[in-house]
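Colleague: Got a minute to walk me through this one? I'd like to go through it piece by piece.

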Amino acid sequence: MKARTIVSVAVSACVVLVACACGPEKTKADTDARPSQPTTSTGAKGPSVTPSASARTEKPPAAQTGDRPALRTTQGAIQRYEQYLHAVGHEDLDTVCDVAGPAAKKAQDEGLGPCTSTYPVVFQMISPVQKKALQTATVDPQRIVVSTPDKIEMPTEAVRASVTFSETELGSCTLEYLKNNWYITG
């Protein structure tokens, strides 16, 4: 019974992180301390021992836009949310904290801690089957809600994956176009 309570608390933290009430955030919440990117060189130390750390160092964040603005379209928002879903499935903390930055910052301000320490706990609560499903998940454009050209709602039922996710497992998200890209704000 105790394990079930711990899982419920962790799932609640995930839902709060991603599905917290959105506010008029205007900045990307990348203010929490992030580990520095490892440099590659010959003679480097062996692989990291933690799964999330190895997932972060094995590949760069998917579909990075660099200095170029992302598409300010519904399709651009869908691509960004799919990037987030795939990153959760791969335990790619850098990408997750980038895309969900504003929502994570709001959760941090409400006492949950920074994204870089909260999401690793969330990763541990997602089953291997669910992680695998998220790695290739897509979004059904017919099920999203375009509130404004800069704000799109991604309900849980819009996520297409090999397993079905409930609202308490994944949570609906709001994406907003801020600083030339789409970010999860609520």
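Colleague: How many disulfides does the count come to?

Modeller: One disulfide. Keep in mind that we're looking at a predicted model. The link joins Cys97 to Cys115, with 2.1 Å from S to S.

Colleague: And which hand does the link of Cys97 and Cys115 have?

Modeller: The link is left-handed, with -95° about the S-S bond.

Colleague: Which parts does the pair tie together?

Modeller: Cys97 lies in helix α4, residues 93-99, and Cys115 lies in helix α6, so the pair ties together parts that are 18 residues apart in sequence.

Colleague: Are those two cysteines buried or exposed?

Modeller: Both Cys97 and Cys115 are buried. Cys173 is another buried residue, because its relative accessibility is 2% and the cut-off for buried is under 20%.

Colleague: Let's stay with α6 for a bit. Where does Thr118 lie?

Modeller: Thr118 is in helix α6, which covers residues 115-125. Thr118 has 9% relative accessibility, so it counts as buried.

Colleague: What lies 3.4 Å from a polar atom of the Thr118 side chain?

Modeller: That would be the backbone oxygen of Gly113.

Colleague: OK, back one helix. Which residues are buried in α5?

Modeller: Helix α5 runs over residues 101-109, and its buried residues are Gly101, Pro102, Ala103, Ala104, Lys106 and Ala107. Just after α5 comes Gly111, with a positive phi of about 105°.

Colleague: Now the strands. Which order do they take in the open sheet?

Modeller: The order is β2-β3-β5-β6, so to speak reading across the four strands, and the pairing is antiparallel.

Colleague: Which strands stand at the edges?

Modeller: β2 and β6, the latter at 181-184. Each has a single partner strand, so one side of each is left without a neighbour in the sheet.

Colleague: By how many degrees are neighbouring strands turned against each other?

Modeller: On average they're turned by 25°, with direction ignored.

Colleague: What packs on the sheet?

Modeller: Helix α3, residues 74-90, does. It touches β2, β3, β5 (173-178) and β6, and its direction makes about 50° with that of β6.

Colleague: Can we zoom in on one pair of strands? How many bridges are there between β2 and β3?

Modeller: Three bridges, in the antiparallel sense, between β2 at residues 145-148 and β3 at residues 151-154. A hairpin of two residues joins β2 to β3.

Colleague: What's the bridge partner of Thr148 in β3?

Modeller: Lys151 is the partner.

Colleague: Zooming out now. How many helices and strands does the chain come to?

Modeller: The chain has seven helices and six strands. Going from the N terminus, the elements run α-α-α-α-α-α-α-β-β-β-β-β-β.

Colleague: What share of the chain is buried?

Modeller: Buried residues make up 44% of the 186 residues. As for what's exposed, the chain shows about 10100 Å², and carbon and sulfur atoms supply 56% of that.

Colleague: Last one, about contacts between residues at least 6 apart in sequence: what percentage join residues at least 24 apart?

Modeller: Of those contacts in the chain, 69% join residues at least 24 apart.

Conventions. Residues are numbered from 1 along each chain as its sequence is written. This is a predicted model: local features need pLDDT of at least 70, side-chain atom pairs count only at pLDDT 80 or more; totals for chains, interfaces and linings use all residues. Side-chain values use heavy atoms; hydrogens and water are left out. Two strands pair if DSSP finds at least two bridges between them. Buried means under 20% relative accessible area, exposed over 50%, partly exposed in between (1.4 Å probe, protein chains only). A polar contact is a pair of N or O atoms within 3.5 Å; within protein, one must be able to donate a hydrogen and the other to accept it, and residues adjacent in sequence count only if both atoms are side-chain atoms. Contact means heavy atoms within 4.5 Å. Accessible areas come from the Shrake-Rupley method with a 1.4 Å probe; for residues, only the protein chains shown count as cover. Axes are lines fitted to C-alpha atoms, for helices over the stretch in contact, and angles run from 0 to 180 degrees between N-to-C directions. A disulfide is a pair of cysteine sulfur atoms within 2.5 Å.
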